[in-house]
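Dear colleague,

I am passing on the model we spoke about, and my notes on its sheets, surface and charged pairs follow below it.

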Amino acid sequence: MKQLLVYGMKTIFNFLKSDKGLLLIIVLVGTILRFYDAFNIPFTHDELSAYYRLQFESFGELIEKGVKVDGHPALIQVFLFYWIKLFGTNELTVKLPFLWMGIGAIPLSYSITKKWFNSSSALIVAVFIATLQFSIMFSQIARPYVSGLFFSLLLVKYWTEFLFEKRSHWVPFIGMVLSATLCTYNHYFSLMFAGIVGLTGLLFLNKNNAKIYILSLVAVIILFLPHINIFLFQFSGKGLEWLGVPSKSFIIDHIRFIFHFSPWVYLVVISALTFGIYQQKSIKLSKFQIISLVWFLLPIIIGVAYSILVKPVVQYSMLIFSFPFLLIFLFSFLKPLNNTWKTLILLLIVIINTSTLIFGRAHYKIFYNQPFERFSSITKEFKDNHNASKLEVILADNPKYINFYFEKLNPELQFQSVFNQKLSPINFRTQLATSDSDYLLLGNIPENLVRIAKEQFPYVTYKENGINYSFYILSKVRDQNKNLFAENSYITEKAGFESISLDNSQEYSPAVEIDLKEVIRSRHSLVEVSVDFTAETMNNGLIVCSVTKGEEVLLWRAISIDEYTNPLLYGQFQKGYLVVSLTSAFKNNSAIEGAKLKVLYWNKNKQNIQLKNLFVQITPGNKYEYATIEPID
C-alpha cells in the first residue's frame, strides 16, 4: 500500500512537471482569478444596457429594438435573450458562459503557440492570458469581448491545422467555418479579425487545399448574409457619438494597459524578449512571427485610421481579439527550456502579474464596485442607520439601470432622477433651500451643483469615488459618528480679490495664478472656484479656469454666471461656481511639472458688475474614474 501511494505521488508529481501538468496549473490559476468572489461581481453599465434591450416578447422585436440600435452584431444579444429566459438574471448566472470562455482562451492560446513555435513559449503565453487584467476583466463582463477572443483563437487553431498540419481537411474545415462565422456575428472587430485571418491564408494555398479553403471563405460569407441588413443599418451611423478621437500615443498606451502599466511586468517581458533574441543569435523573423505581429497591429491601425478619418470607434475592449498575438510574437523567440527553468519562469510571472493585478491595478477593489450597485448599497447602509424620511436622494444616471439594484435594496425609498436633464443651478438652489431633509445623497451630480448643495448641507458625511462615479452624503448637522465618515480635505486654498467693480472699460478681473507643481501631486485633483457677484441684468460674464505650460494651453474651462443669476435677486450678491478636473490636462503626474493654473472673471460683454470673494480651492479628485483602462496614480 505504501509503495502504491509513493508511486501515485510520484506519478502526480511527474505529471505536474510536464507541459500538460503546468498548463493545468495555469488554467487553475486563471480560473481562480476569474471566479474570485464571483457572487459579488455586479453588472457594469454595458451589461445593464444590454439587459434592458432584452425585455421583449418576440425574436423580431429583439432584433428591431434590441440589436439594431446597439451597434453590435446580433449573436451575444440573441444568446442572452434566451439564456436569461432559461436561467434567470442573477449576475453570476448571466456572466457564467463568458467566464468559461475566458478560461477556455487559456489552453487555446497554448495550443496555437505550441503549433507555431514550442511548448515553452506556449506556456508563457498561456500564463499571461491567465493572469492579465485585460483578459480577466472582460471574462467577467457578459458582452461580446471575451467571447470574441475565444472564437478568434478557435478560428486560428483550426486555420493552422488546415493549412500547416498534415491531416484530414474536413474537421479543420468545419471548425474554421463555424468559428469564423461566430466571429462575424459576435463583434465587428472580431469580424474584421476573421477577415484578416482569412486573407492571410490565401498566401499559403497549394493545389491540395486551395479549393476547399476558398469554399470555406464562401461558406462564411453565405452564413453571414442573414445579418447583412442589420450590418448595413448599423454602419450607416459610422461610429460612436460619445467616443473621442484616439491620441497619438494610443498604441503605446494600449500596450502599457495590457501589461498593467507596471515596470515589473515590462521587465519580465523585455527580459524574455531579449533572452529569446540572444538565443536565436539573429532577429530574422519566421512566417508565424510576421503573422503574429501583423495580426496584432493591423486591427489597431485600421481602427485608429477609421476613428481619425471617419468617426471614432476604437477602444481597448475591441482589440482583445488580436491581443494574444502580441504575446505570441514577444515570446516566440524563446527556444525550448528545461522543466526547472520553465517552472521558475512561470512562477515568477504568476507572482508578478497577480500582485500587480491585485495591488497595482486594484482590480478586485475597483472593478467590483460599479456605480449602480454602489449607489443602491451605500443608500441602504445609510438608510438602515437613519430615519428614511429625513433622506433626500438625487441621482444622475439612467434610472432603469439604478433601479435594477435600488428597488431590491431600498424598496420603500424613492430617488429623484436628473438623468439627461440640464439641472439648473438656480432651480437646484431653490429646491434645496426648501428641503426639510437632514441628509442629501448625491450620485454623479455635477461638481458645481455639489457646491450649491453644500450651501444648505455643509457637512460631508461620506464620499466615495469609483469607476465613473462619485457619491456624496451631505448633512445639515455634523455627523457624530466620525469613525465611519471623513470630511473632504483640501490640498490648497488661495483667495483672490476681496471686492472689485468692473465697468465697460475692464474686460478681465485680476487673476489668481498658481504653480501647480507646488501644490498638487495628482493629475486627478479638482479646482474649485467660487465668486460672489451682483448685477442688474444678465451679462454672460464667465468664470474662467485655464492650465498652461509655456505657450501651450492644456485646458480651458468656463461657465457663465448667468447660470447662477436669479432675476428675482437682481441687485443682491449671488454665488457662482466653476469646478474643473485636471485629469484631462495631464496624461500622467509627471506632466504637472511647469504647469500654471490661472483663474479670473472674464467680463465678456464689458458690463457693469461687482465681484467679491473670488476663492480657489484644490481638492482631491476621483483617481478611480478611468482606473480600469488608465494608470492609478
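Two strands are said to pair if DSSP finds at least two bridges between them. With that in mind, please remember throughout that this is a predicted model. On that footing, strand 10 (residues 542-549) and strand 13 (residues 596-602) pair in the antiparallel sense, and seven bridges join them; within this pairing, Ile543 stands opposite Tyr601 of strand 13. Both strands belong to an open sheet of four strands, in which the order is 8-13-10-11 and the pairing is antiparallel. Its edges are strand 8 (512-515) and strand 11 (552-560), each of which pairs on one side only, and the twist from one strand to the next averages 15°.

A salt bridge also connects two strands of this sheet, since Asp515 and Lys596 form one with their closest N and O atoms 3.2 Å apart. This pair links distant parts of the chain, with Asp515 in strand 8 and Lys596 in strand 13, 81 residues apart. Asp515 counts as partly exposed at 23% relative accessibility, and Lys596 is likewise partly exposed, at 39%.

Strand 14 (residues 609-619) has two antiparallel pairings to look at. With strand 7 (residues 499-502) it shares four bridges, and there Ser499 has Lys612 as its bridge partner; with strand 9 (residues 526-534) it shares eight bridges, and there Ser530 is partnered by Phe615.

A further open sheet is made of five strands in the order 2-1-3-5-4, and here the pairing is mixed. Strand 2 (416-417) and strand 4 (459-466) are its edge strands, each pairing on one side only. Inside the sheet, strand 3 (residues 439-443) and strand 5 (residues 469-475) are antiparallel and share five bridges, with Gly443 opposite Phe471 of strand 5. Helix 20 (residues 371-383) lies across strand 1 (391-395), strand 3, strand 4 and strand 5, and it runs at about 20° to strand 5.

On the surface, a nonpolar patch is formed by Leu199, Leu202, Ile214, Val218, Ile221, Ile222, Leu225, Ile228 and Leu232, which together have about 800 Å² of accessible area. The elements that give two or more residues to this patch are helix 12 (210-224) and helix 13 (228-235), and helix 12 gives the most, with four residues. Ile221 lies in helix 12, and it counts as exposed because its relative accessible area is 55%, where exposed means over 50%.

As for charged pairs in general, side chains of opposite charge can pair when their charged atoms come close. In this model the count comes to 20 salt bridges, and I describe some others here. Lys65 pairs with Glu61, the closest N and O atoms being 3.4 Å apart; because they are four residues apart in helix 4 (residues 59-67), about one helical turn separates them. Lys65 is partly exposed at 48% relative accessibility, as is Glu61 at 27%.

By contrast in setting, the salt bridge between Glu563 and Lys422 (3.7 Å, N to O) links distant parts of the chain, 141 residues apart: Glu563 is in the loop between strand 11 and strand 12 (574-581), and Lys422 is in the loop between strand 2 and helix 22 (425-433). Glu563 is partly exposed at 27% relative accessibility, whereas Lys422 is exposed at 71%. Finally, Lys115, Lys157, Glu161 and Glu165 are linked in a network of salt bridges.

With best wishes

Technical notes:
Residues are numbered from 1 along each chain as its sequence is written. This is a predicted model: local features need pLDDT of at least 70, side-chain atom pairs count only at pLDDT 80 or more; totals for chains, interfaces and linings use all residues. Side-chain values use heavy atoms; hydrogens and water are left out. Axes are lines fitted to C-alpha atoms, for helices over the stretch in contact, and angles run from 0 to 180 degrees between N-to-C directions. Patches are made of residues with over 30% relative accessible area and no salt bridge: like charges are joined within 9 Å, nonpolar side chains (Val, Leu, Ile, Met, Phe, Trp, Tyr) within 5 Å. Accessible areas come from the Shrake-Rupley method with a 1.4 Å probe; for residues, only the protein chains shown count as cover. A salt bridge is a side-chain nitrogen of Lys or Arg within 4 Å of a carboxyl oxygen of Asp or Glu. Buried means under 20% relative accessible area, exposed over 50%, partly exposed in between (1.4 Å probe, protein chains only). Contact means heavy atoms within 4.5 Å.
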